[in-house]
Amino acid sequence: MTVITEETYKYSAEFLISKLPQEFQQVDLGVICGSGLGGLVDTIDQSTKVEFLYKDIPGFVASTVVGHAGKLVFGHLGEFRTPTVFMVGRFHCYEGHTMLQCTLPVRVMALMGIKSLIVTNACGGLKSEHKVGDLMIINDHLSLPGMVGNNALIGANIEFFGPRFPAVSDAYTYALRKLAFKAAFEVGISPNDIREGVYAMVTGPSFETRVEARYLATIGADVVGMSTVPEVVVARHAGIKVLGISLITNDVVRARGKDAKLEVMRELGLTDKIDTEEDTEKTFANHAEVLETSAMRSNDMQRMVIRYADLLAATLI
Ligand SMILES: O=P(O)(O)O[C@H]1O[C@H](CO)[C@@H](O)[C@H]1O
Ligand SMILES: Nc1nc2[nH]cnc2c(=O)[nH]1
């Protein structure tokens, strides 16, 4: 198992601080941009923005997924010009990175002073009442890897960041969720297009089988994705408040699929013996669709995040 020491996190943060102007020596807010959602950095003041490629930052691994640019950007967000650090592209375990490598940037952000983190992602919808393109404020998560031996906090605990056994029962701060809904409604997002619910994490990279999708829905998940949870767990461990926003980029296929036995019975004229109904759905999840939906809805998400940052700056949360 790769071990990342307290010194490594500090070295990464010190590297960044040594290269940053005074205004970004300490940042208030962190944002992790999900698949195809990195456009948010195009909305910040371009004249003060400072960018680092992940490959140039000590301790960071490389980002390999299409739709994840692979850079850390410092800039002023919103009318209140909140000093913010953006991960434009994140790391996923399915890229071959460990949980510790995937979450290293969150601890670096913690060392740079963030008190609040916005985690965004693209995900598949598991409920028939969801529409592709809906936003969802995460109110809880279900970590399948975390429950069976791949929790982001496995390994020697670094007391400097937080306790050995942190509570995550209210990982997604209620007051911040309220603020996010307020921001969404204020920028004109319809209550019909934004929900609140449970994000399930699987490691991927294969999408769900039909029965896995039904299983996840049965055990309480509303959406499923391959990220977010490790970042949230590490952020909460370090005492950072979290808002999670999911964009439902595709429907996860839950129907049973074509029934070979029925087809053969029909072909042989055994129709009087058919006692079950077929339950088919021919679509399948794919990353191109994920990026297409992100591109369609990223503007709304950006406006909402900017408004949220301003509401946050104006409150004491
Ligand atoms: O969670 P983000 O990084 O937004 O990306 C999601 O989209 C990719 C699959 O299309 C997976 O990486 C999944 O986790
Ligand atoms: N696991 C998973 N991750 C996703 N990310 C975006 N869409 C999906 C999906 O359908 N399943």
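A residue is taken as near a molecule if its C-beta atom, placed from the backbone, lies within 6 Å of that molecule. In this predicted model, 13 residues surround ligand 1 on that basis, and the closest are Gly 34, Ser 35, Asn 121, Met 226 and Ser 227. Two elements, strand 5 (116-125) and helix 8 (287-313), each give two or more residues to this shell. By class, the shell around ligand 1 holds 4 nonpolar, 8 polar and 1 charged residues.

## Confidence and overall form

The average pLDDT of the protein is 91, and 96% of the residues score at least 70. Confidence is highest in helix 6 (residues 229-237), with a mean of 98, and lowest in helix 7 (residues 260-267), with a mean of 85. For the model as a whole, ipTM is 0.98 and pTM is 0.92.

The secondary structure consists of 8 helices and 9 strands. Along the principal axes, the C-alpha atoms fill a box of roughly 80 × 45 × 35 Å. The radius of gyration is 21 Å, which agrees with the value near 20 Å that a compact globule of 317 residues would have. Buried residues account for 43% of the 317 residues. Among contacts between residues at least 6 apart in sequence, 84% join residues at least 24 apart.

## The shell around ligand 2

Ligand 2 has 15 residues around it, of which Ala 122, Gly 124, Val 224, Gly 225 and Ala 285 come nearest. At least two residues of this shell are supplied by each of strand 5, strand 8 (223-225) and strand 9 (241-251). Strand 5 gives the most, with 3 residues. The shell around ligand 2 divides into 9 nonpolar, 5 polar and 1 charged residues.

## Annotated positions

An unreviewed UniProt entry carries the annotation "binding site" at Ser 35, His 68, Arg 90, Phe 91, His 92, Ala 122 and Ser 227. Ser 35 and Ser 227 are listed among the closest residues to ligand 1, and Ala 122 is listed among the nearest to ligand 2. His 92, another of the annotated residues, is found in the loop between strand 4 (82-88) and helix 2 (99-111). His 92 counts as buried because it has 21 C-beta neighbours inside 10 Å, and the threshold for a buried residue is 20 or more.

The unreviewed UniProt entry also places the feature "binding site" at Glu 208 and Asn 250. These positions are spread over 43 residues of sequence, yet they cluster in space, with a largest C-alpha distance of 12.0 Å.

Glu 208 lies in the loop between strand 7 (194-201) and helix 5 (210-218). With residues up to four places away in sequence left out, Glu 208 touches Ala 213, Leu 216, Val 224 and Val 252. Of these contacts, Val 224 is also listed among the residues that come nearest to ligand 2. Glu 208 counts as buried, because 20 C-beta neighbours lie inside 10 Å.

Asn 250 belongs to strand 9, an element that supplies at least two residues of the shell around ligand 2. With residues up to four places away in sequence again left out, Asn 250 touches Gly 124, Val 132, Ala 285, Glu 289, Val 290 and Thr 293. Gly 124 and Ala 285, both among these contacts, are likewise listed as coming nearest to ligand 2. Asn 250 is buried, because 22 other C-beta atoms lie within 10 Å.

## Burial at selected positions

The table sets the annotated residues described above beside two exposed positions, Gln 46 and Met 147.

| Residue | C-beta neighbours inside 10 Å | Class |
|---|---|---|
| His 92 | 21 neighbours | buried |
| Glu 208 | 20 neighbours | buried |
| Asn 250 | 22 neighbours | buried |
| Gln 46 | 9 neighbours | exposed |
| Met 147 | 10 neighbours | exposed |

Gln 46 lies in the loop between strand 1 (29-33) and strand 2 (50-53). Gln 46 is 30 residues from His 76 in sequence, and their C-alpha atoms are 8.7 Å apart in space. Met 147 is found in helix 3 (residues 144-147). Met 147 and Gly 59 are 88 residues apart along the chain, and a distance of 27 Å separates their C-alpha atoms.

Technical notes:
Residues numbered from 1 in each chain as written. Chains lettered and ligands numbered in written order. Predicted model: local features only at pLDDT ≥ 70, side-chain atom pairs only at ≥ 80, totals over all residues. pLDDT = per-residue confidence, 0-100. Helix = DSSP H or I, 4+ residues; strand = E, 2+ residues; numbered from the N terminus. Nonpolar A, V, L, I, M, F, W, Y, C, P; charged D, E, K, R; others polar. UniProt positions renumbered as here; feature names shortened; annotations may be inferred. Buried ≥ 20, exposed ≤ 12 C-beta atoms within 10 Å, placed from the backbone. Contact = placed C-beta atoms within 7 Å. Rg over C-alpha atoms; globule rule 2.2 N^0.38 Å.
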